[in-house]
Amino acid sequence: MIQFTEVKKTYDDGREVLKNINLEIQAGEITVLIGPSGCGKTTTMKLINRLISPTAGQIRIDGEDIAKSDPVRLRRKIGYVIQNIGLFPHMTIARNVAVVPRLLKWDRQATDRRVDELLALVGLDPAIYRNRYPAELSGGQQQRIGVIRALAADPDIILMDEPFSALDPISREQLQNELIRLQQELRKTIVFVTHDMDEAIKLGDTIVLMRDGAIVQTGKPEQILRHPANDFVKSFIGKKRMAGEQTAEELPTVDEVMVEHPATASPTRGLAEAVKMMEKRRVDSLLIVDKNNRLQGTVSIYRVLDQFGEESKTVADVMKPVEHVVQTGTSLSVALQLMSEHQLSNLAVVREDGQFVGLITRGTVVSHMAGMYASDRTGESNHVAV
Amino acid sequence: MLRSDWLANYADFWRDRYADIGTAALEHLTISATAIALGSLVAIPLGMLLASNRIRWLHTLVFTIANIFQTVPSLALLAILIPLLGIGVKPAIFALFLYAILPILRNTYAGFSSVDPALVESAKGMGYGTVQRLLAIQFPLAFPYIMSGIRMTTVYIISWTTLASLIGAGGLGQLIVSGMGVNKEELIVTGALAAIVLALVADRLLGALEKRFTRKARTVTRETSYV
């Protein structure tokens, strides 16, 4: 386990790159540090192998303060993979992979055996590749060597600084999959720096989101997707990824679903008129709205027909008061809950000042849902086609 | 007729004087080689030192001094050295050594600066100590630059060594100076030719040496396109 306690880093020119970092990196997990460039993710990583030393605070590996260890010896115990691969062009592949074992003065046979074993692990035939030079390999092959070079002396901790970002998308995908496969066997503590959210979600057991030298949110990928801590996290995750993880507040509001001009009648209308209007609009009830556009009540066709013989009556006499309304801006889920709880076939939407604006019916909800589903489907198939 | 006469005489001259010519060439080579070796010994570590830090004023200072040595006319430099170091081989070597510093220094500096900083950091991150990193990573990568600096320096130091005979250091310049004194063309031609041949051979040898050490890297760059 790697622990950061109140770690700060300020450069000589006064630039504060890390502000009070507290972080625990669990053993045997891939922890992804992610954030926009300049957020301090690489700096945080380089603190672990002391390529950068903190201005204040403490970093402990398995309880031991690394500031007290010899940096050269510490680094030999920590695997390191950098973005531009960093293979030494004047050394063969075997020599490159054997760098740390040689620094640790392993015996020659053990080193050679280890090199062959590692080459085989990433699917490169040792007999062919052992004596080649880095420039003779493709980018993807080179970064495979970069990864196994970090594994050579079997370190517990491996630091990877945007290791796949310079690769083409296909090689990147392959190497990500290989890393996942290797990690299932090896269970190393991997600290992985990236600016690619897809990569972070794919590889990370834990994601640490950083911004301006501070940690914004830490958590499992699922947790971060479902409960982004703030707008920055949301925007960083992106709308696309959140769509699949829609939360309550992401549901549409009643405004999007309601019918804006439902069948209404003024309270002074006669019953015959009401029947005629219902017939015309093909509805079974009318909302009674006064001249100030305030909702007075509702009448159904049954109540009207029941009293139809009494010519002097107006709809105001037969209407029922409206018991449930929702205000504009209410989430659809709240409205739906209300409707199912009280067995309502429709629900009026009013403004804050009581002005009537629209009506939600079961029909409008269904057609809205159908529209969303359809657009989702087309979106998906577009995506596949791309 | 005249020409074949001259050639016959020239062949006679070689028969009579080959031992002297050989001695002169050997002296010449010793002076040049010593100057270049000393120059390399000073300039390469200095170049490494400069490339490994960013102290601006130090860079400016060192390069300015090296530049000044470079621009003093060689004849004048030799003359200036007589009161300090007397005459003979020593001041000659010293003067040529001063000339050798700048080009080797420049190339070493360029070579070390050309090493990708990401590689250096990668090496550091994997646990190379400072000295190990310098010897196992930076030096091999800077080597082609350093060698080309040494080759270039060798060619012109061999040529300038002919002047050293003016302060009594001997060498092939001695043949030329004597030739001028007694108006004997053979001596002048021989001295010049021998110096040219010496320079060309030295250049070739160093080239072969450089190739031997960097052959692998060259093959690598050439084969890149196949992969």
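Two residues are in contact when heavy atoms of theirs lie within 4.5 Å. By that criterion, among the contacts of chain A with a separation of 6 or more, 61% join residues 24 or more positions apart. The structure discussed here is a predicted model.

The overall dimensions of the chain may be considered next. Chain A has a radius of gyration of 33 Å, whereas a compact globule of 386 residues would have one near 21 Å. Along the principal axes, the C-alpha atoms of chain A fill a box of roughly 110 × 45 × 35 Å. The domain assignment divides chain A into domain 1, covering 2-246, and domain 2, covering 254-367. A distance of 62 Å separates the C-alpha centres of domain 1 and domain 2 of chain A.

The secondary structure of chain A consists of 18 helices and 16 strands. Of its 386 residues, 46% count as buried. The exposed surface of chain A amounts to about 19900 Å², of which carbon and sulfur atoms supply 48%.

One local example of burial is A:T44, which belongs to helix α1 of chain A, residues 41-48. Residues count as buried under 20% relative accessible area. A:T44 has a relative accessible area of 1% and is therefore buried. When neighbours within four places in sequence are left aside, A:T44 is in contact with A:F4, A:L18, A:L33 and A:M210.

A second local feature is an open sheet of 3 strands in chain A, with the order β14-β15-β16 and mixed pairing. The edges of this sheet are formed by β14 (325-327) and β16 (356-361) of chain A; each has a single partner strand, so one side of each is left without a neighbour in the sheet. From one strand to the next, the twist averages 30°.

Within this sheet, the pairing of β14(A) with strand β15 of chain A, residues 346-350, is parallel and extends over 3 bridges. In this pairing, A:Q327 stands opposite A:V350 of β15(A). The sheet is also accompanied by a helix: α17 of chain A, residues 332-341, lies across β14, β15 and β16 of chain A. The direction of helix α17 is at about 140° to that of β15(A).

How values were computed:
Residues are numbered from 1 along each chain as its sequence is written. Chains are lettered from A and ligands numbered from 1 in the order in which they are written. This is a predicted model: local features need pLDDT of at least 70, side-chain atom pairs count only at pLDDT 80 or more; totals for chains, interfaces and linings use all residues. Side-chain values use heavy atoms; hydrogens and water are left out. Domain bounds come from an automatic or database domain assignment. Two strands pair if DSSP finds at least two bridges between them. Helices (H or I, at least four residues) and strands (E, at least two) are DSSP runs, numbered from the N terminus. Axes are lines fitted to C-alpha atoms, for helices over the stretch in contact, and angles run from 0 to 180 degrees between N-to-C directions. The radius of gyration is taken over C-alpha atoms; the globule rule is 2.2 Å times the number of residues to the power 0.38. Buried means under 20% relative accessible area, exposed over 50%, partly exposed in between (1.4 Å probe, protein chains only). Accessible areas come from the Shrake-Rupley method with a 1.4 Å probe; for residues, only the protein chains shown count as cover.
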